[in-house]
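I sat down with this one to see how its parts fit together. Here is my notebook, in the order I looked things up.

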Amino acid sequence: MAHYGKFSGVTNYIAMIGKKGPTLEETCGYYGERLVLKAQQLGLNTCWVAMTYSKIKSAFFIGQGEKLCIVIALGFGETQGLPHKSKPAREVIKSEAPFPDWFTSGVEAALLAPTAMNQQKFTFSLDGNKVSAKAGAGFYSKIDLGIVKYHFEMGAGKDSFQWA
């Protein structure tokens, strides 16, 4: 696992650090993905990095009661990245059809989001206009949940639904 992904010489990064708590990882995923997509709009490349980086104590500060969740490498890549395989939408939906167009668009956008090892361990449920998103089991699944929730919002339109 330590060799998944190929990048080197990274000198710029964003350390996602926050107060310890039950929603920290999801929050880091959500706002980190906003930063990732903004960087891409600005012509930069990014990569979510969890376990495969050298931890240099002077590189960032973690305050009392805080935790480093994940790092986002930032710079100019040799490529613009590669598309990943996505599960069929039906595999991540735990509700019965028919679905409104906004829900389908949200799920399709979530399936385009990066997730740990491209495993897409998340599910969405719909009850009226209320959407539930759940993380599956696995490394960094709560960070992934934040990432895919942001993508869902962008695909569905934030005014189309409410989070349950």
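The entries below go from the whole chain to the sheets, the helices and then two single residues.

**Entry 1: the whole chain**

I began by noting that this is a predicted model. I found 3 helices and 6 strands in the protein, and along the sequence they follow the pattern β-α-β-β-α-β-β-α-β. Next I looked at overall dimensions. A compact globule of 164 residues would have a radius of gyration near 15 Å, and the protein has 16 Å, which agrees. Along the principal axes, the C-alpha atoms fill a box of roughly 50 × 40 × 30 Å. I also looked up burial, and buried residues make up 35% of the 164 residues. For contacts between residues at least 6 apart in sequence, I noted that 72% join residues at least 24 apart.

**Entry 2: the sheet with β1**

In what order do the 3 strands of this antiparallel open sheet run? I read the order as β1-β3-β2. β1 (13-19) and β2 (45-49) each have a single partner strand, so each edge strand has one side without a neighbour in the sheet. On average, neighbouring strands here are turned by 25° against each other, direction ignored. I then followed one pairing in detail: β1 and β3 (residues 66-75) are antiparallel over 7 bridges. Within that pairing, I found Tyr13 opposite Ala73 in β3.

**Entry 3: the sheet with β4**

My next stop was another open sheet of 3 strands, with the order β4-β5-β6 and mixed pairing. Its edge strands are β4 and β6 (162-163), each paired on one side only. How do the two pairings compare in sense? As a reminder to myself, strands of a sheet pair through backbone hydrogen bonds, either parallel or antiparallel. β4 and β5 (residues 130-135) pair in the antiparallel sense over 6 bridges, while β5 and β6 pair in the parallel sense over 2 bridges. For landmarks I wrote down Thr123, which stands opposite Lys134 in β5, and Lys130, whose bridge partner in β6 is Gln162.

I also looked at the hairpin of β4 and β5, which has 2 residues between the strands. Gly128 takes a positive phi there, near 70°.

**Entry 4: the helices by that sheet**

What does α3 lie across? I traced α3 across β4, β5 and β6, running at about 150° to β5. Its 16 residues (141-156) should span 22 Å at 1.5 Å a residue, and the end C-alpha atoms are 22 Å apart, which agrees. I checked burial too: 13 of the 16 residues of α3 are buried, so the helix is largely enclosed by the rest of the structure. Just after α3 comes Gly157, with a positive phi near 90°.

Then I turned to α2. Its buried residues are Trp102, Phe103, Gly106, Val107, Ala109, Ala110 and Leu111. What covers them includes β4, β5 and α3.

**Entry 5: Ile93**

I picked Ile93, which sits in the loop between β3 and α2. Is Ile93 buried or exposed? With a relative accessible area of 8%, Ile93 is buried, because the cut-off is under 20%. Leaving aside neighbours within four places in sequence, I listed its contacts as Phe99, Phe103, Val107 and Phe124. Two of these names, Phe103 and Val107, were already in my list of buried residues of α2. I also took one distance: the C-alpha atoms of Ile93 and Lys20 are separated by 30 Å, and the two residues are 73 apart along the chain.

**Entry 6: Gln120**

I ended with Gln120, found in the loop between α2 (101-111) and β4 (122-127). Gln120 counts as buried, because its relative accessibility is 1%. Which backbone atoms does its side chain meet? A polar atom of the Gln120 side chain lies 2.7 Å from the backbone nitrogen of Lys87. The side chain also reaches the backbone oxygen of Leu111 at 2.8 Å, and Leu111 is one of the buried residues of α2. Beyond neighbours within four places in sequence, I noted that Gln120 is in contact with His84, Lys85, Ser86, Lys87, Val92, Leu111 and Thr115.

How values were computed:
Residues are numbered from 1 along each chain as its sequence is written. This is a predicted model: local features need pLDDT of at least 70, side-chain atom pairs count only at pLDDT 80 or more; totals for chains, interfaces and linings use all residues. Side-chain values use heavy atoms; hydrogens and water are left out. Helices (H or I, at least four residues) and strands (E, at least two) are DSSP runs, numbered from the N terminus. Buried means under 20% relative accessible area, exposed over 50%, partly exposed in between (1.4 Å probe, protein chains only). A polar contact is a pair of N or O atoms within 3.5 Å; within protein, one must be able to donate a hydrogen and the other to accept it, and residues adjacent in sequence count only if both atoms are side-chain atoms. Contact means heavy atoms within 4.5 Å. Two strands pair if DSSP finds at least two bridges between them. Axes are lines fitted to C-alpha atoms, for helices over the stretch in contact, and angles run from 0 to 180 degrees between N-to-C directions. The expected span of a helix is 1.5 Å times one less than its number of residues. The radius of gyration is taken over C-alpha atoms; the globule rule is 2.2 Å times the number of residues to the power 0.38.
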